[in-house]
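Thanks for coming. I have one model to go through, and I will keep it short.

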2 protein chains.
Amino acid sequence: MALSDAFLSRLAQIFPPGSLFTAPADCWTYGYDNSRRQSLPDAVVFPSNHVQTVELAHLCNEHRVALTARGRGTGTTGATVPLRGGVVASFERMNRIVEFSPGNRYIVVEPGLTNQALQDFLKPHGFFWPPDPTSAAFCSIGGNLAYNSAGPRAVKYGTPRENTLALRAVTGQGTEIRTGVLTTKGVVGYDLTRLLLGSEGTLALITEATLKLTPLPQAKRTMRAVYADLSNATEAITRIMAQPAVPCALEFIDGNAIELIRRYSRADLPERAGALLMIEVDGFAEGMAVQIESVRQAARNEGLLEFRVAETADEVEALWQTRKALSPALRKVAPKKINEDVVVPVTELPKLIAGLNQLSQRFDLAIVNFGHAGNGNIHVNLLFDPAKPGETEKAHECLGEMFSLVLRLRGTLSGEHGVGLEKRDYVDQEIDVGALELMRALKRQFDPNGILNPDKTLPLPG
Amino acid sequence: MALSDAFLSRLAQIFPPGSLFTAPADCWTYGYDNSRRQSLPDAVVFPSNHVQTVELAHLCNEHRVALTARGRGTGTTGATVPLRGGVVASFERMNRIVEFSPGNRYIVVEPGLTNQALQDFLKPHGFFWPPDPTSAAFCSIGGNLAYNSAGPRAVKYGTPRENTLALRAVTGQGTEIRTGVLTTKGVVGYDLTRLLLGSEGTLALITEATLKLTPLPQAKRTMRAVYADLSNATEAITRIMAQPAVPCALEFIDGNAIELIRRYSRADLPERAGALLMIEVDGFAEGMAVQIESVRQAARNEGLLEFRVAETADEVEALWQTRKALSPALRKVAPKKINEDVVVPVTELPKLIAGLNQLSQRFDLAIVNFGHAGNGNIHVNLLFDPAKPGETEKAHECLGEMFSLVLRLRGTLSGEHGVGLEKRDYVDQEIDVGALELMRALKRQFDPNGILNPDKTLPLPG
């Protein structure tokens, strides 16, 4: 897609020097994300305010130029890769805190603010914003909202959909809209806020978000439960989630992952360990003992090999050490991994892991699983060597079978990474024809000319 | 709207005798709700399953007959009043529990199940579903979802939008859709679930809902804080909401309401009481003391006249007595009341109440306020006597000014009652033109012929 001179000259009127790149060398880095996919945009702009974003959308719509919003490129699905070229709008400079209202427990921010910067700002005031993706240090709030990104804390505190009150946004026609309300209740009109959250920049560009804040808990305690096998661990997950001390993290590591950690690091784990849970609870210091006891009772079953509670910061660190050894170990075992974030109902976890082990044997590929067990959200890591002939194809065939397995178990293809390009062609296996047609129809209302992040999120028609 | 013979004969094929009413005397009671508005439907049907509902929607769409879904008629906004006649579909007989999955903390129910029947079913299993409208004993889950109804517990546990995982529904074209997932995380496709919640039957008929369950807390404690004036109470609300013992109820009664209670009942209240808060916390029995202490500290300020903690069930009852005396007192003071459920950011509550007192003086009408303070959700009661000439008109003029005040304070016109007919013509004061046009466009995608609950929720065009 070559941009016309008329378009470029108008673009330069909106975006003064320093906020507009057109040289391919400058644009290059704005064409990829953490999926490692790459596509060169024809121009990159850096909006610094809402009005500029409105003008940009109008211009792109008028000229039918693709317009792709970008946070910090930490996404893993290729959702910000500008497949059709056109303009990438990088919101990194639009990172102000617009309004902070501690009395009303909300903060209004621009989309380019990083998650970490937000948390750092909030902490001295005794608040936090629950979504905590692993990439929090770098990823932007706009990206978190576009993907509905979560993280471990979601099991207690929810995802952006439960923690966002209102949005200011610009549609694919350049129409300015405000959605939602400043308060935690509000039922006037349809819920456009949640419709935009998770829509991956295909419906509108978010220029401002009002985030619901949560008071910081006083204390947090970390536990580790090790089980002989997976079904024991699953039984414990179910029981932990049914008692009133809802954990603020309930992470899971499967037997293959434990095996890997054993092989590549010095892990302090019982001999027969077949599955492991990391559990955290938070709240008042005085309430920690009763929460821990409630979790301990729920975690107890015939397969429990060990239950440890960290008493000091060093012990917390030691407990998490096993989990943290995993990523380096994964890198050692295979040159490439496909990391998927599927979700199944918690009671189906044993069937999921058993099915994955069968796929692993059938395709002769290592599969290692860990993730946010309280939500049934498992990060499945398919390990392979793209240098070996046919291995990449085999991995992708295995991936397809894995998705079918997840859907047979009444799960969903993505819990927090989103769809983007990576899962786009599988979406119609999950969503029925009627709902998919409605989603396409909604897309046309927000973006009649299909300029916003084209070819993403929904399967291509036909 | 007279129904054609062809239509009626097809309707009778779908709905056997006993599940179809056409005699006006039979239809009469299905034409009103708690707004006291009334409009006679031409037919009333009682779907007993999803397939029947699909056939019904197809038929009504083909014949362009208005189709209005109805729960138990406890709504206060006229949302289920069939303005254009046509068919009312009463879901009261579609009240089964389809699937209960304690291990996955969800339950799948049909829309006609009452809120109370759901809670009664869940209690022995140690779970509850948070939305708790005052009408819980009678109102249906379908109605709760259609209005996004909440109640006192929303301040800690959220509204249906935070407590619903998935829906099965039928659009205005008879298209069957499934929205959402069975799990607490899921980001595939657009969020149609939340779009349907609160849409008051204008987008689709909900035939099944998967509800997210919460473990029942072990213990609950009740407190009452009485303040010299409103600004002291507001300061306390803000501070209570900023500390980590998030209350499961934070109810507010203003000075006028206290005055009323004094006049019409024996209230055990300090002399100078100008505002009152009822506060409840829940959790582990062992954690109650620290939660109460945290609330007590947040509640303390120079205007605090009294802070009581109930120690026994009788004392709890005694504390709530003041609140419960309110409704009978309201009935004594004026033959008619308009009860609105506006919301403002908590810090704006003093301005809201001051503004309402000014309106009360200007229009010479009593206004009494109480409500869910933690959400800034205030039930404003405008009291008047329709027998007095001009009084009804005066009340409605005052209502309009009240809504303007709420919007100036950056609030919303409804926190939980919804829009229906009562607030329909005010909606465009709250929602901007761009968003409203999008909502209308979305409505056309779900219901191209406008048969579903026509003329509700969104302002009439033009």
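I will take the symmetry, then one aspartate, then the cysteines. This is a predicted model, in which local features need pLDDT of at least 70, side-chain atom pairs count only at pLDDT 80 or more, and totals for chains, interfaces and linings use all residues. Residues are numbered from 1 along each chain as its sequence is written, chains are lettered from A and ligands numbered from 1 in the order in which they are written, and side-chain values use heavy atoms, without hydrogens and water.

Symmetry. A turn of 180 degrees with a shift of 0.0 Å along the axis lays chain A on chain B with an RMSD of 0.0 Å, superposing by least squares on C-alpha atoms of residues with pLDDT of at least 70 in both. The two copies are therefore related as by a two-fold rotation axis. In chain A, the residue closest to that axis is Gly287(A), its C-alpha at 2.5 Å. Of the interface residues of chain A, 100% are also interface residues in chain B, so the copies meet through the same surface.

Now the aspartate. Asp447(B) sits in the segment after helix 16 (433-446) of chain B; helices are DSSP runs of H or I, at least four residues, numbered from the N terminus. Asp447(B) is buried, at 1% relative accessible area (buried is under 20%, with a 1.4 Å probe and protein chains only). Its side chain reaches the backbone nitrogen of Leu452(B) at 2.9 Å.

Last, the cysteines. Over all chains there are zero disulfides, counting pairs of cysteine sulfur atoms within 2.5 Å. For Cys60(B), the closest cysteine sulfur is in Cys27(B), 13 Å away, too far for a bond. Cys60(B) is buried at 0% relative accessible area.

How values were computed: Helices (H or I, at least four residues) and strands (E, at least two) are DSSP runs, numbered from the N terminus. Buried means under 20% relative accessible area, exposed over 50%, partly exposed in between (1.4 Å probe, protein chains only). A polar contact is a pair of N or O atoms within 3.5 Å; within protein, one must be able to donate a hydrogen and the other to accept it, and residues adjacent in sequence count only if both atoms are side-chain atoms. Contact means heavy atoms within 4.5 Å.
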